[in-house]
Amino acid sequence: MRDSVISLWCALALTDIRLKLLPHRFNRKLLLADQPIAAQPGAADRKEEVLVLATLVGRAARYRFVFNMSCLRQAIVLRSRLRARGIQAALVYGARKKAAGFGAHAWISVGDFNILGTASMDTFKAFSVQEPP
């Protein structure tokens, strides 16, 4: 299936609605960070496909209207679409201390490269969000 900006925008909007309206227990699996995934054979060959899809998600997120198109929503949608294509992608959360407080970011890791907001990612320290025992 070929992803379009319109279909990705719809997925972003539905993700925003889901996160806002449904209780946490319904979104828990969606929000859990994944363990880092080792580089897959052939992942480098699909890097261009991953980057094109990430670009399309970024373009769709520009048209916010009344929806929150944050990095978290973009990462959730991108991970979902990559997994549908058979590409193992991990959701990663990061945090940084800023002069005015605290900053957080979410991105996708595919093998040994990171996607979504990578320009500012160097300032974030990744952390794990997992199910309690």
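In the predicted model, the side chains of D16 and K20 make a polar contact of 3.0 Å. D16 is found in helix 1. At 1% relative accessibility, D16 counts as buried, because the cut-off for that class is under 20%. Leaving aside neighbours within four places in sequence, the contacts of D16 are F67, N68 and R73.

The protein as a whole holds four helices and four strands. Along the sequence, the pattern reads α-α-α-α-β-β-β-β. The helices thus come before the strands in the chain order. The protein has 133 residues, and 41% of them count as buried. The accessible surface comes to about 8200 Å². Carbon and sulfur atoms hold 58% of that surface. Contacts with a separation of 6 or more were also examined. Of these, 66% join residues 24 or more positions apart.

The four strands form an open sheet. Their order in the sheet is 3-2-1-4, and the pairing is antiparallel. The edges are strand 3 (113–115) and strand 4 (125–127), each of which pairs on one side only. Neighbouring strands are turned by 45 degrees against each other on average, direction ignored. In general, strands of a sheet pair through backbone hydrogen bonds, either parallel or antiparallel.

Strand 1 (residues 90–98) and strand 2 (residues 101–110) pair in the antiparallel sense over nine bridges. These two strands form a hairpin, with two residues between them. Two positions illustrate the pairing. K97 has F102 in strand 2 as its bridge partner. G94 stands opposite H105, also in strand 2. Strand 1 also pairs with strand 4, in the antiparallel sense, over three bridges. Here A95 stands opposite K125 of strand 4.

G94 is found in strand 1. With a relative accessible area of 1%, G94 falls under the 20% cut-off and is therefore buried. Residues up to four places away in sequence are not counted in its contacts. The residues touched by G94 include G103, A104, H105 and W107. F124, K125, A126 and F127 are also among them. The C-alpha atoms of G94 and M121 are 8.3 Å apart in space, while the two residues are 27 residues apart in sequence.

S109 takes its place in strand 2. Its relative accessibility is 13%, so S109 counts as buried. A polar contact of 3.4 Å joins its side chain to that of N114. Leaving aside neighbours within four places in sequence, S109 is in contact with Q88, A89, A90, V92 and N114.

One helix lies across much of this pairing. Helix 4 (residues 71–84) lies across strand 1, strand 2 and strand 3. Helix 4 runs at about 10 degrees to strand 2.

The largest nonpolar core has 37 residues. The residues with the most contacts inside this core are L78, L82, I108, V110 and I115. Helix 1 (5–21), helix 2 (24–31), helix 3 (47–61) and helix 4 each supply at least two residues of the core. Strand 1, strand 2 and strand 3 do likewise. The largest share, seven residues, comes from helix 3. In soluble globular proteins, nonpolar side chains tend to be buried together.

I108 shows how one core residue is surrounded by contacts. Residues up to four places away in sequence are again left out. I108 touches A75, L78, R79 and L82, among others. Its partners also include A89, A90 and L91. F113, N114, I115 and L116 are touched by I108 as well. L78, L82 and I115 are themselves among the residues with the most contacts in the core.

D122 offers a contrast in accessibility. D122 has its place in the loop between strand 3 and strand 4. At 72% relative accessibility, D122 counts as exposed, because the cut-off for that class is over 50%. The C-alpha atoms of D122 and R96 are separated by 9.8 Å. Along the chain, D122 and R96 are 26 residues apart.

Terms used. Residues are numbered from 1 along each chain as its sequence is written. This is a predicted model: local features need pLDDT of at least 70, side-chain atom pairs count only at pLDDT 80 or more; totals for chains, interfaces and linings use all residues. Side-chain values use heavy atoms; hydrogens and water are left out. Buried means under 20% relative accessible area, exposed over 50%, partly exposed in between (1.4 Å probe, protein chains only). Contact means heavy atoms within 4.5 Å. Accessible areas come from the Shrake-Rupley method with a 1.4 Å probe; for residues, only the protein chains shown count as cover. Two strands pair if DSSP finds at least two bridges between them. Axes are lines fitted to C-alpha atoms, for helices over the stretch in contact, and angles run from 0 to 180 degrees between N-to-C directions. A nonpolar core is a set of buried Ala, Val, Leu, Ile, Met, Phe, Trp, Tyr and Cys residues joined through side-chain atoms within 4.5 Å. A polar contact is a pair of N or O atoms within 3.5 Å; within protein, one must be able to donate a hydrogen and the other to accept it, and residues adjacent in sequence count only if both atoms are side-chain atoms.
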